[in-house]
Amino acid sequence: MKAKKSLLIVLTAIMMFAMTGCGSKLGSTLTAKIDKTTPDTAFEALEVERVGSHIFIEKDFCEKRMRESEKKEIMAALAEADKGIDTDVYVYGISESYDKSGYSLVADAYVKGVDVTDAKVRCQCEGGIYTWKSFSGGNYVKPEIDIDTSNVIPAEKIYSKVFDLAKEHEKDMMGFVQEDFQIRGEYTLWYTEGRGLYYFFTINENSSVQVNAITGEITEYYFWNGFIVD
């Protein structure tokens with residue numbers, strides 16, 4: 001509602017200035033506000049925070065998945081689950097446990113700030129007790145993973161390449177004509193066996209670009225407007 005009111009105020013101001021012969025200056029100011037993003041302004045690193053000693057989560061983990069009223073309960077559950085693991089993990093999935101005594105978690109191994117996508121683990125809660133398991137359901141075994149990040153190129157060096165590719169597929173992401181369409185994205189560093197280190201860019205929520213973090217080569221991309229057509 002606040003956004004609608006703000007837009008109404010701006011539009012009213014434009015009309016008033018236009019009628020008094022001062023509209024051109026305000027019009028140029030408004031245009032500046034909706035200028036499209038550039039390679040330098042479109043992307044930012046996904047912010048991560050730590051819970052306890054070994055659990056890492058996206059900064060807005062709770063806000064994006066649950067109601068605000070559940071945040072305190074979820075953070076307490078993560079802190080409790082953290083007590084039962086001795087290696088770093090990145091938790092990306094959460095759901096209420098079967099017996100409703102807590103939450104079940106899904107995570108990847110997290111090494112040197114890198115999400116190891118094929119080293120998955122889960123944490124089950126039964127009777128309020130949190131137990132870590134392998135992703136297949138067996139006993140949890142601490143993974144032996146060492147990743148060399150010394151040759152990773154800074155993400156800033158590939159911004160232009162990713163931006164230009166997204167620009168080429170702007171129509172695929174829009175779904176409808178939108179003059180002030182903005183290309184925006186977050187990225188994180190992933191590791192997958194057989195693929196090595198790569199940046200995973202999530203663009204405008206429904207699209208993605210993957211870039212080899214050593215060579216800067218784009219390896220995969222997917223652009224979608226989010227609409228499902230029957």
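**Aromatic and polar side-chain contacts**

Arginine 195 lies over the face of tyrosine 198, 4.0 Å from the ring centre. The model is predicted. A second arginine is placed over a ring: the charged end of arginine 122 sits over phenylalanine 135, at 4.7 Å from the ring centre.

Tyrosine 198 is also one of the residues that threonine 117 touches. Leaving aside residues up to four places away in sequence, the contacts of threonine 117 are Asp108, Trp190, Tyr191, Thr192 and Tyr198. Threonine 117 belongs to strand 6, which covers residues 114–126. The relative accessibility of threonine 117 is 14%, so this residue counts as buried, the cut-off being under 20%. With threonine 192 the link is polar: the two side chains are joined by a polar contact of 2.5 Å.

Ring pairing was examined next. The count comes to twelve aromatic pairs. Among them, phenylalanine 43 and phenylalanine 163 pair edge-to-face. Their ring centres are 6.5 Å apart, and the planes meet at 75°. This pair links distant parts of the chain, 120 residues apart. Phenylalanine 43 is in strand 1 (residues 43–45), whereas phenylalanine 163 is in helix 5 (residues 159–168). Phenylalanine 43 has a relative accessible area of 6% and is therefore buried. Phenylalanine 163, at 9%, is buried too.

Both phenylalanines belong to a cluster linked by ring pairs. Its members are Phe43, Tyr159, Phe163, Tyr187, Tyr199 and Phe201.

Conventions:
Residues are numbered from 1 along each chain as its sequence is written. This is a predicted model: local features need pLDDT of at least 70, side-chain atom pairs count only at pLDDT 80 or more; totals for chains, interfaces and linings use all residues. Side-chain values use heavy atoms; hydrogens and water are left out. Helices (H or I, at least four residues) and strands (E, at least two) are DSSP runs, numbered from the N terminus. Buried means under 20% relative accessible area, exposed over 50%, partly exposed in between (1.4 Å probe, protein chains only). A polar contact is a pair of N or O atoms within 3.5 Å; within protein, one must be able to donate a hydrogen and the other to accept it, and residues adjacent in sequence count only if both atoms are side-chain atoms. Contact means heavy atoms within 4.5 Å. Rings of Phe, Tyr and Trp (its six-membered ring) pair if their centres lie within 6.5 Å; planes under 30 degrees apart count as stacked, over 60 as edge-to-face and the rest as tilted. A charge sits over a ring if NZ of Lys or CZ of Arg is within 6 Å of the ring centre and within 35 degrees of the ring normal.
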